[in-house]
Amino acid sequence: MAKLLLRHVYKIYPGVGKAKKNAKGEQKKRSGDFVAVRDFNMEINDGEFIVFVGPSGCGKSTTLRMIAGLEEISGGELYIDDQLVNDVDAKDRDIAMVFQSYALYPHLTAYDNIAFGLKMRKVPVPKLNEQGEQVVAIDTKRVRRLTKNLGKLGKQSASLEKALAASRRALETAGEDEREQLEREIGYATDKQALLAKRIERAEADLAYYSTTPVPLVKYVHMSKDEIDTKVKWAAEILGIEELLDSRPSEMSGGQRQRIALGRAMVRGPKAFLLDEPLSNLDAKLRTAMRAEIVKLHNQLKTTFIYVTHDQIEAMTMGTRIVVMKLGVVQQIDTPTNLFDYPENKFVAGFIGTPQMNFFEVDIRREGDDLLVTLQDGQRVLLSLAELRTIEKKYLDGEMHRVWLGIRGENIQLDDQGVQATLTIKEVLGNTTQLFLHLGEGGDDFIVSVAERNALAPGDSVGIKLVERFVHLFDKETEQSIMSREYGNQ
Ligand SMILES: Nc1ncnc2c1ncn2[C@@H]1O[C@H](COP(=O)(O)OP(=O)(O)O)[C@@H](O)[C@H]1O
Ligand SMILES: [Mg+2]
């Protein structure tokens, strides 16, 4: 069980941008450090089911790998249960990771695949003297480890200092085009230096403590066969794979293999489970079933889960809280319903929910108790300000403002008196009917989802009305929501 805290976490892959020649065309200089994760801040409570979601390449796996300790953290701090773990090895973080590729040993049975990690691993037990009493002494092994780590941090600090001095010197003579990159590099390095100083301070304090204070010692022993057997059987029972324990991976289906991979993580009794797109290799039907099983597993284990997916439906159905990411930047962290009801920007609004939210580029202007909305094709609508969510004051100053208006298809009603659009395609899905509509000249395309069937046909003219309660407004430039979660406007 674990609580996690990510503070200003960055992942920067240095110099992956194109190499650039200088003015004289001689030297090549790397340009454009690639920031895969930018300023990630989040507190994850013990036992939460967190989902990281976003398009491919947005930094989900990188963040997960930094938490697991498989990837160095370039900047910022990661705490597990209040302990700073930037310098703690992956194997000592007590975190289990499950991947899309199950990474099972093909020559081992399911039982041995699950037990493998346990057989390899040694567990701490109290170190006793001949009288059977706990030994309390200076932990020399820990002191050696801390000394070594301190040396490593010192070296890092020295080379960072050197790089920083070089960048500062280069800045003095740098031309216009190099300045920006150099200043950015100096910024990163300065942040990194501050964190390193903090880490060195902590390491020194730890070293001072452990080299002078006797502590209860432990020794590491292999788990007994019986202990391992109990754990494997426990996991197999929860996962419903008892009858598979003698089979090899090649004899199993994808879903069964994924269960074995989960079992292997479970028996370790980790503080947290990190799952990176674990269901991507399964077909749609099995994926839905496994989705429910993983949620059930979480309910049983009550351990912290962090689950990565690019599929917003998976995110919405599984997460207690969801982190929506785009291009390395967290867009919103919220519950599924809040993401759906109160997206904080246009990207989140468009990413969550199917069919996708409709967006109209419109001009808004306050007219007394109403908001006058002018669509791209010139049609106008009056929306009642009392029924809209509260809009930022500066947009209601009586002037015209260009914004994005977002509304989901199920929140648009048919109304002969309303805005006129032309039906292009009609899809009857059974429970709902999707109408693909097109506004007049220069206007947007949008989808309306109605519950009832109807006799409309492509080419027909259709009147529509926006339901005020469900209207979202986003600034045209920043694409940030300009509405609060409350209703009514003064
Ligand atoms: N070792 C690396 N070196 C350089 N760039 C990398 C490396 N690993 C990942 N990236 C880049 O970082 C970005 C985020 O990758 P990743 O976290 O795998 O995305 P996701 O899991 O959200 O699809 C991608 O643009 C990817 O190309
Ligand atoms: Mg990934």
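Two residues are in contact if their C-beta atoms, placed from the backbone, lie within 7 Å. With that in hand, here's a quick look at this predicted model. Among contacts in the chain between residues at least 6 apart in sequence, 71% link residues at least 24 apart.

**The chain overall**
- You're looking at 490 residues, and 30% of them count as buried.
- Ten helices and 27 strands make up the chain's tally of elements.
- Lay a box along the principal axes and the C-alpha atoms fill roughly 90 × 70 × 50 Å.

**Around ligand 1**
- Twelve residues surround ligand 1, and the ones that come nearest are Tyr-13, Ala-36, Lys-60, Ser-61 and Thr-62.
- Strand E4 (34-44) and helix H1 (60-68) are the elements that give two or more residues to this shell.
- H1 gives the most, with three residues.
- Sorted by class, the shell around ligand 1 has five nonpolar residues, six polar and one charged.

**A close-up on Gly-76**
- You'll find Gly-76 in strand E6, which covers residues 75-80.
- Gly-76 counts as buried because 20 other C-beta atoms lie within 10 Å, and the cut-off for buried is 20 or more.
- Skip the neighbours within four places in sequence, and Gly-76 is in contact with Leu-6, Arg-7, His-8, Val-9 and Tyr-10.
- Tyr-210 sits 134 residues from Gly-76 along the chain, and their C-alpha atoms are separated by 26 Å.

Definitions and conventions. Residues are numbered from 1 along each chain as its sequence is written. Chains are lettered from A and ligands numbered from 1 in the order in which they are written. This is a predicted model: local features need pLDDT of at least 70, side-chain atom pairs count only at pLDDT 80 or more; totals for chains, interfaces and linings use all residues. Helices (H or I, at least four residues) and strands (E, at least two) are DSSP runs, numbered from the N terminus. A residue is buried if 20 or more other C-beta atoms lie within 10 Å of its own, exposed if 12 or fewer, and partly exposed in between; C-beta atoms are placed from the backbone. A residue is near a molecule or strand if its C-beta atom, placed from the backbone, lies within 6 Å of it. Ala, Val, Leu, Ile, Met, Phe, Trp, Tyr, Cys and Pro count as nonpolar, Asp, Glu, Lys and Arg as charged, and the others, Gly among them, as polar.
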